[in-house]
Amino acid sequence: MSMPPVIDQQDSQLRGALEAALTPLMVQRPRFTETDLRRAIDRAQLRVQYQPKYRATHNGWAVAGIEALLRWEHPEHGLVYPLEFIRLAERCGLIAGLTDFVLQTGLDQIAEWNRAGHKLDLSVNLSSTLVTDADFPERLLDCLEARGVAPEQLTLEITEIASLVDPGDTLDILSRLRMKHFGVALDDFGTGYSSLTQLSKLPFSEVKIDHSIGLSLPKTPFGRGMARAIIDMGHHMGMKVCCEGVESAAALEFLHQAGCDFAQGFYLARPMEPEALLDFIAAQTP
Ligand code: C2E
Ligand code: MG
Ligand code: MG
């Protein structure tokens, strides 16, 4: 009589367990190359969607502005989201061009809505690799003046300040942006990339609570504690606070009671095409 293959079975169980543990850690082969991205730019496959951002009012929330989010309309893969190509753009020197595209598209849109009597603020994500260009504040001001948009209407959102090449340059550029009345926000606060020290040393006008914290509201004590702490700290430092990742009425209610200034999330509005935005806002206004 032959023995059951105990060792084989244990081996395969062990292999299965190891694979399950290691798979999330394995570096996925990127879907796109530099050539793909350059071709996408040449063929005008990049465009911008806008996600409404809400301001707390005495009894609820009202649309205050929009965040411009880059999209790649790929002919075979459909809509591709920025997390799949922003790093690539940074690595191959394409990020400055992409940022100019988002800024100009967003500002053209805001200028058009201003003329139609709809005053909306605009937020644009700025790669931290770009906050080293000393002429940037001046160029940006020219860009706004050409369109008749006030600097107060534009906020630049920055993440990952921990990896800044030269914090001195960044401090200088952000200070000049603030002196020219642009808003500057620290994005994704509360994750591993940003520290309290950096938040206090750079002249931010706004801090955005990372969506992972927003998603945990109001269910977990950790999420509630983090959100309250960031709101209080931001206010003590003279900043506005926005919470991202608001996916429920209960989260929104919690943030209102906690004194959060702004909220963004799928429960309120998803990122959308510019053509849909005014109708969306009109449908919400009583
Ligand atoms: P972000 O600036 O923090 O933008 C918010 C992201 O969270 C967006 O993802 C948005 O679609 C998503 N989001 C909004 N509400 C919710 C929600 O309720 N639940 C969940 N789960 N997610 C929500 P998206 O568009 O994929 O952008 C991801 C990131 O890519 C952005 O994060 C930003 O860091 C970066 N990014 C987007 N556009 C640009 C750009 O023009 N330039 C640069 N440098 N980075 C950009
Ligand atoms: Mg952002
Ligand atoms: Mg964010």
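User: Why is Asp 187 called buried in this model?

Analyst: The relative accessible area of Asp 187 is 6%, and buried means under 20%, so Asp 187 qualifies as buried. Please keep in mind that this is a predicted model.

User: What makes Asp 187 a bridge, and between which ions?

Analyst: Asp 187 is shared by the magnesium ion (ligand 2) and the magnesium ion (ligand 3), which lie 4.3 Å apart. Its OD appears among the donors of ligand 2, and OD of Asp 187 is also listed for ligand 3.

User: How do you know which residues coordinate the magnesium ion (ligand 2)?

Analyst: By distance. Glu 67 (OE), Asn 125 (OD1), Glu 157 (OE) and Asp 187 (OD) sit at 2.0 to 2.3 Å, and a donor must be within 2.8 Å of the metal, so these four residues count as donors. Along the sequence they follow the spacing E-x57-N-x31-E-x29-D. Distant parts of the chain are linked here: Glu 67 belongs to strand S2 (residues 60–74) and Glu 157 to strand S5 (residues 154–158), 90 residues apart.

User: What makes Glu 67 and Glu 157 buried?

Analyst: Glu 67 has a relative accessible area of 4%, and Glu 157 has 1%. With the limit for buried at under 20%, both are buried.

User: And which donors does the magnesium ion (ligand 3) have?

Analyst: Asp 187 (OD), Asp 188 (OD) and Glu 244 (OE) are its protein donors, at 1.9 to 2.4 Å. These distances again fall within 2.8 Å. The spacing in sequence is D-D-x55-E. Asp 187 lies in strand S6, whereas Glu 244 is in the loop between strand S8 (240–243) and helix H10 (249–257), so the pair ties together parts 57 residues apart in sequence. Glu 244 has 11% relative accessibility and therefore counts as buried.

User: Why is S5 described as largely enclosed?

Analyst: 5 of its 5 residues are buried, so the rest of the structure largely encloses S5. Leu 154, Leu 156 and Ile 158 point one way, with Thr 155 and Glu 157 pointing the other way. That fits a general pattern: side chains in a regular strand alternate between the two faces of the sheet.

User: How do you know that S5 pairs with strand S4 (residues 121–125) and strand S6 (residues 183–189)?

Analyst: Pairing needs at least two bridges. S4 and S5 have 4 bridges in the parallel sense, and S5 and S6 are joined by 4 bridges, also running parallel. Asn 125 stands opposite Glu 157 in S5, while Thr 155 has Gly 183 in S6 as its bridge partner. S4, helix H5 (residues 136–147) and S5 also form a β-α-β unit, which is right-handed.

User: How many disulfides are there, and how do you know that Cys 260 is in none?

Analyst: The count is 0 disulfides. For Cys 260, the nearest cysteine sulfur, that of Cys 243, is 5.6 Å away, whereas a disulfide needs the sulfur atoms within 2.5 Å. Cys 260 is buried, at 2% relative accessible area.

User: What makes up the lining of the largest pocket?

Analyst: The lining consists of 42 residues, with Leu 69, Pro 82, Leu 83, Asn 125 and Asp 188 nearest the centre. Elements giving two or more residues include S2, S4, S5 and S6; S2 gives the largest share, 5 residues. The space in the largest pocket is about 1,400 Å³. Two of the residues nearest its centre are familiar from above: Asn 125 is a donor to ligand 2, and Asp 188 is a donor to ligand 3.

Methods: Residues numbered from 1 in each chain as written. Chains lettered and ligands numbered in written order. Predicted model: local features only at pLDDT ≥ 70, side-chain atom pairs only at ≥ 80, totals over all residues. Heavy atoms only, no water. Donors = N, O, S within 2.8 Å, 3.2 Å for Na, K, Ca; no water. Buried < 20%, exposed > 50% of the residue type's maximum accessible area, 1.4 Å probe, protein only. Right-handed = clockwise from strand over helix to strand, strands pointing away. 1 Å grid on protein atoms, 1.4 Å probe; cavity = no way out; pocket = protein on both sides within 12 Å on 5 of 7 lines; lining within 4 Å. Points joined across faces, edges and corners; volume = space filled by probe spheres on them.
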